[in-house]
Amino acid sequence: MKITVLGVGGMGSRFALMLHQAGNDVTLVDGWQANVDAIRQNGIQANFNGKQVAAKMPIYTPAEVAQAGLQADLIVVFLKSNQLTATFSQVRALIGKDTYVLCLLNGIGHEDVLEEFVAKDHLILGITMWTAGMTGPGQVELLGDGEVELQNFEPAGKDFAQQVVDIFQGAGLNPHYSENVKYSIWRKACVNGTLNCLCALLDCNIGELGKTAEAPALLHTIIAEFAAVAVKEGIKLDTEEVYQHVAATFTADIADHYPSMHQDLVQHHRRTEIGFINGAVARKGQKYGIATPYCTLLTQMVHVKEQLLGAK
């Protein structure tokens, strides 16, 4: 199977490296020129659970895809949500009639964008609990263990989705085939819709947020808004279980972790994925006539902070 990893940041590098080490045919596509140049010269350089490893794979910018004549059986997407439309417009030549797209991005509503570029029965959705971080162009830190949950968007894609599970299993990515991945996507979106935006706005890590007296009420209210909208999408979230799941992070091993939105916005002044997390809930709430004042305000405040910091 020819696999293209689209978006070679921390997580894209992890999946590319592990799939490559398992003997798969992996090609990389990334829009950050400094990252492309570094990987072309030295390969992906990784601190892989304390061991320094390097792996060279062919890498292209999106603008080079058509001329290079690349083909893919599977595209694994690790772009930022706000890059989906622009990047997929550039790499249309990569998508043949038999190409499948696996989206593992944080947030909700990505299928609404991807349906413009790939048939629904060739779309696979999922989540991953692996972690990864970039320390520089072509350099990543890959620590700890994780897992992947995925499911075909339409019934016709089930056989291929199960092939992906087998390939990921061989690469040590700990996948499992889900019968209800949309529930898991919304559940994880609740994590990001609370911890990510709050830590970014308050400039704190997860543990520091959890020590505040207001944290429980904030979590309960935001999760309730997610749940009210999710019902209209055919998903019934167990709000108390989701709250306990999120609150458990306050005292877990990741308590001193700064979520990805904090890293993007506060540390690197990059635009965030708020539009596909709280922003998606606000848009869907408006569509269904459901009030989402907290998600709406949080989305507006993150966008304001993006402007104040000159995020790009």
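# Briefing: strand 10, helix 12, a pocket and two cysteines

Asn47 stands opposite Glu141, a residue of strand 10. The model described here is predicted. The points below take up strand 10 and its partners, then helix 12, the second largest pocket and the cysteine pair Cys199 and Cys204.

**Strand 10 and its neighbours**

- Strand 10 covers residues 139-142, and its side chains alternate between two faces. Val140 and Leu142 point to one face and are buried, whereas Gln139 and Glu141 point to the other and are not buried.
- This agrees with the general pattern, in which side chains of a regular strand alternate between the two faces of the sheet.
- Strand 3, spanning residues 44-48, pairs with strand 10 in the parallel sense, over four bridges.
- Strand 9, spanning residues 133-136, runs antiparallel to strand 10 and is joined to that strand by three bridges. Within this pairing, Gly133 has Glu141 as its bridge partner.
- Strand 9 and strand 10 form a hairpin with two residues between the strands, and Gly138 in this hairpin adopts a positive phi near 75 degrees.

**Helix 12**

- The buried residues of helix 12 are Asn278, Gly279, Ala280, Val281, Ala282, Lys284 and Gly285.
- The cover over these buried residues includes helix 5, helix 7, helix 9 (215-232) and helix 13 (293-308).
- Gly289, just after helix 12, has a positive phi of about 75 degrees.

**The second largest pocket**

- The volume of the second largest pocket is about 250 Å³. Its lining comprises 19 residues, of which Gly109, Glu111, Leu125, Lys182 and Trp186 are the closest to the pocket centre.
- At least two lining residues come from each of helix 5 (110-114), strand 8 (123-128), helix 7 (181-202) and helix 12 (278-288).
- Sorted by class, the lining holds nine nonpolar, six charged and four polar residues.

**Cysteines**

- The whole structure contains zero disulfides according to the search.
- For Cys199, the closest cysteine sulfur is that of Cys204, at 4.1 Å; this is too far for a bond, because a disulfide requires the two sulfur atoms to lie within 2.5 Å.
- Cys204 likewise takes part in no disulfide, and its nearest cysteine sulfur is that of Cys199.
- Cys199 is buried, with a relative accessible area of 0%. Cys204 also counts as buried, at 9% relative accessibility.

Note on methods: Residues numbered from 1 in each chain as written. Predicted model: local features only at pLDDT ≥ 70, side-chain atom pairs only at ≥ 80, totals over all residues. Heavy atoms only, no water. 1 Å grid on protein atoms, 1.4 Å probe; cavity = no way out; pocket = protein on both sides within 12 Å on 5 of 7 lines; lining within 4 Å. Points joined across faces, edges and corners; volume = space filled by probe spheres on them. Nonpolar A, V, L, I, M, F, W, Y, C, P; charged D, E, K, R; others polar. Buried < 20%, exposed > 50% of the residue type's maximum accessible area, 1.4 Å probe, protein only. Pairing = 2+ DSSP bridges. Contact = heavy atoms within 4.5 Å.
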